[in-house]
Amino acid sequence: LVRYGLDATCACHHAALAKRGIPLASNQIQCSLLYRYPEENGLLQGCQDLGVDVLAYSPLALGLLTGKDNTETVNQNQGPRKQLFQKTVGTLEFENLLTSMKGVASSHSGENANLPQVAIKWCRSKGTIPIPGAGNLRQVQSKCGALDWDMSPGEVKYLDQAASKLSYSDPN
């Protein structure tokens with residue numbers, strides 16, 4: 001963890017709390033198929049090594065991984081979100097990721113799998129506890145459907161490869 005400045009923070013908090021006899025139980029970080037930086041920089045592995053649960057916020061990447069038409073969303077957002085959406089929506093790499101996600105969902109059609117569930121399952125496959133948002137009961141029920149099926153290691157690797165072609169996993 002020490003070689004990564006960002007990740008050393010988790011280790012420092014873990015050590016500081018341990019001195020007081022308090023275990024660090026969880027670390028809430030952004031993690032999704034569009035933001036894989038915690039996996040790439042070792043933070044996920046570091047948390048696992050320390051026995052710290054990772055709560056993955058924004059597992060649907062601000063809604064980009066739901067499969068909805070995001071054209072209107074791009075125009076409604078301002079600042080960093082608008083820049084992120086403009087760099088993503090409509091690119092070949094993003095469309096290929098969505099196509100890959102649809103392929104995984106269709107292989108679980110008996111479970112009525114959908115893109116949000118695929119995104120959530122991918123986060124779970126990385127050892128995180130995803131905490132997706134939901135605006136209504138239908139969305140809650142749909143997202144809970146991710147608990148009804150399993151993603152194979154091959155499917156995880158397939159999604160990893162599709163997501164690796166997106167260029168902004170490093171926040172710097």
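**A three-stranded parallel sheet and its nonpolar core**

In this predicted model, helix α3 (residues 43–50) lies across β1, β2 and β3, and runs at about 170° to β1. A further helix, α7 (residues 115–125), also packs on the sheet, where β2 and β3 are the strands touched. The direction of α7 makes about 150° with that of β3.

The sheet beneath these contacts is worth a closer look. Its 3 strands form an open sheet in the order β1-β2-β3, and the pairing is parallel. β1 (26–30) and β3 (128–131) stand at the edges with a single partner strand each, so one side of each has no neighbour in the sheet. On average, neighbouring strands are turned by 30° against each other, direction ignored. As a general point, strands of a sheet pair through backbone hydrogen bonds, either parallel or antiparallel. Here, β1 and β2 (residues 53–57) run parallel and are joined by 5 bridges. Within this pair, Asn27 stands opposite Val54 in β2.

Attention now turns to the nonpolar side chains. The largest nonpolar core has 38 residues. Leu33, Leu34, Leu65, Leu97, Met101, Val118 and Leu159 are the residues with the most contacts inside this core. At least two core residues come from each of α3, β2, α6 (92–106), α7 and α9 (153–163). In soluble globular proteins, nonpolar side chains tend to be buried together.

Leu33 offers a handy place to start exploring the contacts. Leaving aside residues up to four places away in sequence, Leu33 touches Leu65, Leu97, Met101 and Leu159, along with Ala119, Trp122 and Ala163.

Terms used
Residues numbered from 1 in each chain as written. Predicted model: local features only at pLDDT ≥ 70, side-chain atom pairs only at ≥ 80, totals over all residues. Heavy atoms only, no water. Pairing = 2+ DSSP bridges. Helix = DSSP H or I, 4+ residues; strand = E, 2+ residues; numbered from the N terminus. Axes fitted to C-alpha atoms, helices over the stretch in contact; angles between N-to-C directions. Contact = heavy atoms within 4.5 Å. Core = buried A, V, L, I, M, F, W, Y, C linked by side-chain atoms within 4.5 Å. Buried < 20%, exposed > 50% of the residue type's maximum accessible area, 1.4 Å probe, protein only.
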